[in-house]
Amino acid sequence: MDVPTLQLRPLGNTGIKLSSVGFGASPLGSVFGSVSESDAIASVRQAFCLGINFFDTSPYYGGTLSEKMLGKGLKALGVARNEYIVSTKCGRYGEGFDFSAERVTKSIDESLERLQLDYVDIFQCHDIEFGSLDQIVKETIPALQKLKEAGKIRFIGITGLPLEIFTHVLDRVPPGTVDVILSYCHYSINDSTLEDLLPYLKTKGVGVISASPLAMGLLTEFGPPEWHPASPELKSVCQAAAVYCKEKGKNISKLAMQYSLSNKDISSVLVGMNSVKQVEENVAAATKLAVLGKDEETLAEVEAILKPVKNQTWQSGIQRS
């Protein structure tokens, strides 16, 4: 029997296709605990071998360590550059935010050096709600267009938590200027508000990447980290759902992955990974979904538990220490 492979989905009008599961490289920056170089390289290799072609990072993750580790992992693959798609970001750094044309122009050269690449496929303004959206429209994105013309980047993206930032920017830049948006924590079992924005994004020809299907740890058996900005009510209801799944012999994280992956209008679901085991589990959740479909019964029961807190979000101003 053929082993099912990861689905490739078109990314807006870019002409590229991303694997339905994307490799979030922030954990390679040891932001969730220490990761050795050998583990980082093995994780990237296993992801590529199992059909993941999309790798996402940022200079902010682990104070540039994530980019360096991902660069080593990709180099170790020893494959042609066009076989994988790399996304990194600009504007957010360990020392703070700077969306000026000068800084983002310098930023790409620093990132390319750390990643050991000649170009990145997608260059994204990172967490734009912390900057001036006016500056993003009038200064940052035009600077990224110049980088595109110079061949250092192929496509331009914007990322952030509040969904209204995307419409604000996309309505104010020339059509086709922004190719991709990356949204997080808005397409998971407890919060599906990104869905309302998908028809609008489609009319703009913009590709959609959704990150954090586990809602930054809310939809896990271990629960979220201490710093998680969700309300106590949201945390406790998600914990109750996780316990319910466990009692049924199910895993809430796998269910959450399947929920996020089942919407084909989302090009890729980005998941942070830092071990071969995590890579294998995430790919297995996707391939199982392709073969068997969603676990509709358990999903309906979990959605009923989460109903009182459905679409309850939090402010993005609370930063992880």
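How many residues does helix 2 have, and how far does helix 2 reach from its first C-alpha to its last?

## Helix 2 and its surroundings

This is a predicted model, so treat what follows as a reading of a prediction. Helix 2 has 13 residues and reaches 19 Å between its first and last C-alpha, close to the 18 Å expected at 1.5 Å a residue. Quite a few of its residues are tucked away: Ser 66, Glu 67, Met 69, Leu 70, Gly 71, Gly 73, Leu 74 and Leu 77 are buried. The cover over these buried residues includes helix 1, strand 4, strand 5 (85–90) and helix 3. Right after helix 2 comes Gly 78, with a positive phi near 65 degrees.

On the way into the helix, Gly 63 sits in the loop between strand 4 (54–56) and helix 2 (65–77). Is Gly 63 buried or partly exposed? Gly 63 is partly exposed, because its relative accessible area is 47%. As for how far Gly 63 lies from Thr 14, the two are 49 residues apart along the chain and their C-alpha atoms are separated by 30 Å. Thr 64 is in that loop too, between strand 4 and helix 2, but Thr 64 counts as buried because its relative accessibility is 17%.

## The chain as a whole

Zooming out, the protein chain has ten helices and twelve strands. Its C-alpha atoms fill a box of roughly 55 × 40 × 35 Å along the principal axes. With 321 residues, a compact globule would have a radius of gyration near 20 Å, and the chain comes in at 19 Å, so the two agree.

Buried residues make up 54% of the 321 residues. The accessible surface is about 13800 Å², and carbon and sulfur atoms hold 52% of that. Among contacts with a separation of 6 or more, 76% are between residues 24 or more positions apart.

## The nonpolar core

Which residues have the most contacts inside the largest nonpolar core? They are Phe 23 and Phe 55, in a core of 102 residues. Helix 4 (residues 133–149) gives the most to this core, with seven residues.

Phe 23 keeps plenty of company beyond its sequence neighbours within four places. Its contacts include Leu 28, Ser 43, Val 44, Ala 47 and Ile 52. Phe 54, Phe 55 and Asp 56 are also among them, and so are Leu 270, Val 271, Met 273 and Val 279.

## Helix 9

That last contact, Val 279, is one of the buried residues of helix 9, along with Asn 282, Val 283, Ala 285, Ala 286, Thr 287 and Leu 289. These buried residues pack against strand 3 (21–24), helix 1 (37–49), helix 8 (252–261) and strand 12 (268–272).

As for the geometry, helix 9 (residues 276–292) has 17 residues, which at 1.5 Å a residue should span 24 Å; its end C-alpha atoms are 24 Å apart, so the numbers agree. Gly 293 follows helix 9, and its phi is positive, near 80 degrees.

## Two cysteines without a bond

The structure holds zero disulfides. Why do Cys 90 and Cys 125 not form a bond? The sulfur of Cys 90 is 4.5 Å from the closest cysteine sulfur, in Cys 125, and that is too far for a bond. Seen from the other side, Cys 125 is in no disulfide, and its nearest cysteine sulfur is that of Cys 90, 4.5 Å away.

Both sit out of reach of the probe: Cys 90 counts as buried because its relative accessibility is 0%, and Cys 125 is buried with a relative accessible area of 0%.

## Loop residues worth a look

Most residues other than glycine have a negative phi. Thr 64 has a positive value, with phi near 80 degrees. Met 216 is another non-glycine residue with a positive phi, near 55 degrees. Met 216 lies in the loop between strand 11 (207–211) and helix 7 (232–247), and it is partly exposed, with a relative accessible area of 22%.

Finally, Ser 100 is in the loop between strand 7 (96–97) and helix 3 (101–115). Ser 100 is buried because its relative accessible area is 17%, below the 20% cut-off. Leaving out residues up to four places away in sequence, Ser 100 touches Gln 135 and Glu 139.

How values were computed. Residues numbered from 1 in each chain as written. Predicted model: local features only at pLDDT ≥ 70, side-chain atom pairs only at ≥ 80, totals over all residues. Heavy atoms only, no water. Core = buried A, V, L, I, M, F, W, Y, C linked by side-chain atoms within 4.5 Å. Buried < 20%, exposed > 50% of the residue type's maximum accessible area, 1.4 Å probe, protein only. Helix = DSSP H or I, 4+ residues; strand = E, 2+ residues; numbered from the N terminus. Contact = heavy atoms within 4.5 Å. Disulfide = S-S within 2.5 Å. Expected span 1.5 Å × (residues − 1). Rg over C-alpha atoms; globule rule 2.2 N^0.38 Å. Areas by Shrake-Rupley, 256 points an atom, 1.4 Å probe, with all protein chains shown as cover.
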